[in-house]
Amino acid sequence: MEWWCRGLGWAGGVPGLRWRGGRVSTLAYGQELGFRAVGLRRCPGARGNPCPLEAVVSGRATGGRCAECARLDRAHSVAADTLLDDPQPYRVYLAWFGPGMTKVGITAEARGEARLLEQGAVAFSWLGRGPLMAARRTEEVLRQALGVPDRIAYERKRAVRHVLPDVEDRTREVGELHRRARAVGGWTETLEPLDFVPRDHAGAFHLDGLPPLGGTVAELVDGGVVTGRLLAAAGPDLHLLAPDGRCVALDTRLMGGWALQGAGESAGFSVPVTPTAAAEPESSQGELF
């Protein structure tokens, strides 16, 4: 039987692999995972519509869609500034991913903390709530005033998860950012300011005691196998203890568009892996387990 993955979701604060057709496989830390990719990676389409070309896409593309479907997926998107008239309330948040790695963002209030979990935010606090365009303007004003980016690369996020400071230090950094944001004038005239209430996701992500990162899956390939024990999950990433003892990160966005089959632990680990900067390759190629 073949399965088609739609990435990692965080329903109710719990990680789960989403599959075509709507099924979700809830994940439990410590469980063994194993699958084999089969055939070619094809564009899965966008917004419930199949790709009319069934286009073959690069194995290393985290988006996993052809150019036309990628444009359709971003249509009417808050992130792309194409959705301007959404009447529901939005919240501005301050997110912390690691020392010195903070950002300002917005999310629909009805989504709760889901957006923060999807991004892999280790700690955060709400800052304000109100209409979409006021939240969007505040986001831009605060990015400029506080000198924080609108995006942080997943490569940086996943690397620091293995060497996190304690929760008090995380809370202190978010609290300082919240204090500075409240001191920026003007935005409280259009948004309701919210008090600093720190939230921490290290427990939900299971990050405590995570061993050093040995490498990151670069891509799936036809016949390539991924196996390992699930140590942690954050954002779209699974952190697995591979059969050779190394902790390997798998960005589940790389799974989209592949036909996947089950594989037992004895199948090994045979997809390209990019070693971390501190890790030495085991062979001249340095990419295969």
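**A guided tour from helix 5 to the nonpolar cores**

In this predicted model, begin by selecting helix 5, whose buried residues pack against strand 5 (90-98), strand 6 (101-108), strand 7 (123-130), helix 3 (132-146), strand 9 (199-200) and helix 6 (202-205). To display those buried residues, select Arg170, Val174, Gly175, Leu177, His178 and Ala181. Viewed down the axis of helix 5, they fall within an arc of 165°, so they line one face of the helix. Turn next to the other side of helix 5, where Arg172 and Ala183 are exposed. The end C-alpha atoms of this helix (residues 167-183) are 24 Å apart, in agreement with the span of 24 Å that its 17 residues should have at 1.5 Å a residue.

Now move to valine 217, which is placed in strand 10 (residues 213-217). Its relative accessibility is 4%, so valine 217 counts as buried. Select threonine 274 as well: the two residues are 57 apart in sequence, and their C-alpha atoms are 6.2 Å apart in space. Beyond its neighbours up to four places away in sequence, valine 217 touches Val248, Ala249, Leu250, Leu254, Phe269, Val271, Pro272 and Val273.

Proceed to the largest nonpolar core, which has 39 residues; Val217, Leu220, Val226, Leu238, Leu260 and Phe269 touch the most other members. Strand 11 gives the largest share of this core, 6 residues. Apart from this core lies another, of 18 residues, including Val148, Leu177, Trp187 and Leu191.

Finally, select leucine 260. Leaving aside neighbours within four places in sequence, leucine 260 has contacts that include Met1, Trp3, Trp19, Phe35, Leu220 and Met255.

Notes:
Residues are numbered from 1 along each chain as its sequence is written. This is a predicted model: local features need pLDDT of at least 70, side-chain atom pairs count only at pLDDT 80 or more; totals for chains, interfaces and linings use all residues. Side-chain values use heavy atoms; hydrogens and water are left out. Helices (H or I, at least four residues) and strands (E, at least two) are DSSP runs, numbered from the N terminus. The expected span of a helix is 1.5 Å times one less than its number of residues. Buried means under 20% relative accessible area, exposed over 50%, partly exposed in between (1.4 Å probe, protein chains only). The arc is that of the directions from the helix axis to the C-beta atoms. Contact means heavy atoms within 4.5 Å. A nonpolar core is a set of buried Ala, Val, Leu, Ile, Met, Phe, Trp, Tyr and Cys residues joined through side-chain atoms within 4.5 Å.
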